[in-house]
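Welcome, and please open your viewer. We will go from stop to stop, with something to select at each one.

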Amino acid sequence: MSDRDPVVLSEAERERGRVEGSETERERGRVEGRIALLTAAALVGFAANSVLCRLALRGEEIDAASYTAVRLVSGAVVLAALAWPRSSGSRTMPRGSWGSALALFAYAAPFSFAYVRVHTGVGALVLFGCVQTTMLAWAIARGERPRPIVWLGLAIAAGGLVVLARPGGGAPDALGAAVMAVAGVAWGVYSVRGKGAGDPLAATAGNFVRTVPMAAVLVAVVALVEHDASALHASWRGALLATASGAIASGLGYTFWYAALRGLTATRAAVLQLLVPLLAAGAGVALLDESLTTRLVVAAATITGGVALAIRGRS
């Protein structure tokens with residue numbers, strides 16, 4: 001063997017290392033690209049829930065109770081179909097709990113009734129602000145001691161809600177905003193309850209399935225209270241919009257989001273969700289001819305900025 005053989009071997013090893021490094025970089029790029037696509041699809045789906053609901057209800061294509069029922073049933077069907085293969089063919093009800101299902105229903109029903117009265121962007125901002133505030137309040141109640149920057153962020157976000165809801169020209173419907181706030185608190189509770197779930201997709205599927213009898217009760221109660229079954233109505237377009245919200249925006253949206261979360265830190269995921277109300281507001285302006293008012297712009301900047309500051313303070 002010549003004295004140059006070790007040098008030749010060293011060069012070969014370096015070349016192999018460069019090839020392996022290049023392959024690793026390409027694989028990392030593919031994974032990051034997949035996570036970005038899943039995240040974008042999920043956020044668009046979440047924003048689409050507001051757009052689809054407002055589109056269906058403002059034109060009286062469907063009543064709020066029927067919209068809620070169709071959305072929950074279609075979401076349950078899609079999520080159960082996606083989760084069932086993961087349960088090795090088990091015939092038992094998917095994971096989840098009745099408490100979480102009740103919180104999910106307490107979000108979905110007020111969400112629909114609120115969008116009878118408020119515009120897309122307003123509803124999304126109120127919902128988002130109340131969801132994040134509820135989750136932060138829960139953490140504080142459980143013993144977390146926030147830094148001053150977190151309190152400052154919460155105060156700014158609360159100020160944004162006040163700006164949005166204060167009386168005056170262009171003010172949103174007060175009852176509609178209050179009902180959406182209830183939906184936001186319920187979704188915050190649902191989110192807190194879902195933290196730490198071993199299989200979030202299976203848990204979400206189980207919770208959606210459990211909301212189906214609740215939706216049936218809601219429809220029956222509305223029919224009784226109105227003393228007229230005609231209070232429940234749905235055109236084909238309204239039913240399709242509700243189905244799209246449940247099966248695609250909710251069912252597939254949650255599936256994409258849980259898949260994306262595997263590659264996102266908790267802080268990055270929380271910050272990315274700041275885009276949802278902005279996407280919904282933009283879609284409301286572009287697709288539903290809703291007004292882009294100074295009040296809405298200021299409130300959006302204040303609420304999302306305050307929540308972003310609070311999230312950064314906790315990270």
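Here is a short tour, from the whole chain down to single residues.

**The whole chain**

Start with everything shown as a cartoon, and keep in mind that this is a predicted model. How many helices and strands does the protein chain have? There are 11 helices and zero strands, so if you follow the sequence you read α-α-α-α-α-α-α-α-α-α-α. Now switch on the surface: the accessible surface of the protein chain comes to about 16,000 Å², and carbon and sulfur atoms account for 65% of that surface. Of the 315 residues in the chain, 43% are buried. Take the contacts between residues at least 6 apart in sequence: 90% of them join residues at least 24 apart.

**Helix H6**

Next, select residues 174-194, which form helix H6. Try a distance between the C-alpha atoms at its two ends: they are 30 Å apart. That agrees with expectation, because 21 residues at 1.5 Å a residue should span 30 Å.

Go to the start of H6 and add Asp173 to your selection. One of its side-chain oxygens reaches to within 3.2 Å of the backbone nitrogen of Leu175.

Which helices do the buried residues of H6 pack against? To see them, highlight the buried residues, among them Met180, Trp187, Tyr190 and Val192. Small residues such as Gly176, Ala177, Ala183 and Gly184 are also on the buried list. Then show helix H3 (98-114), helix H4 (120-141), helix H7 (200-226) and helix H8 (236-261), the partners of these buried residues.

**A nonpolar patch on the surface**

Now select Val44, Leu275, Leu278 and Leu279, which together make a nonpolar surface patch of about 320 Å². Helix H10 (residues 275-288) gives the most to this patch, with three residues. Val44 sits in helix H1 (residues 5-58).

**Two loop residues**

For the last stops, look at backbone angles. Most residues other than glycine have a negative phi. What is the phi of Glu60? It is near 55°, a positive value. You will find Glu60 in the loop between H1 and helix H2 (64-83), and its 63% relative accessibility means that it counts as exposed.

Finish at Asp289, in the loop between H10 and helix H11 (294-314). Its phi is also positive, near 60°. Is Asp289 buried or exposed? Asp289 counts as exposed, because its relative accessibility is 69%.

Methods. Residues are numbered from 1 along each chain as its sequence is written. This is a predicted model: local features need pLDDT of at least 70, side-chain atom pairs count only at pLDDT 80 or more; totals for chains, interfaces and linings use all residues. Side-chain values use heavy atoms; hydrogens and water are left out. Helices (H or I, at least four residues) and strands (E, at least two) are DSSP runs, numbered from the N terminus. The expected span of a helix is 1.5 Å times one less than its number of residues. Buried means under 20% relative accessible area, exposed over 50%, partly exposed in between (1.4 Å probe, protein chains only). Contact means heavy atoms within 4.5 Å. A polar contact is a pair of N or O atoms within 3.5 Å; within protein, one must be able to donate a hydrogen and the other to accept it, and residues adjacent in sequence count only if both atoms are side-chain atoms. Accessible areas come from the Shrake-Rupley method with a 1.4 Å probe; for residues, only the protein chains shown count as cover. Patches are made of residues with over 30% relative accessible area and no salt bridge: like charges are joined within 9 Å, nonpolar side chains (Val, Leu, Ile, Met, Phe, Trp, Tyr) within 5 Å. A salt bridge is a side-chain nitrogen of Lys or Arg within 4 Å of a carboxyl oxygen of Asp or Glu.
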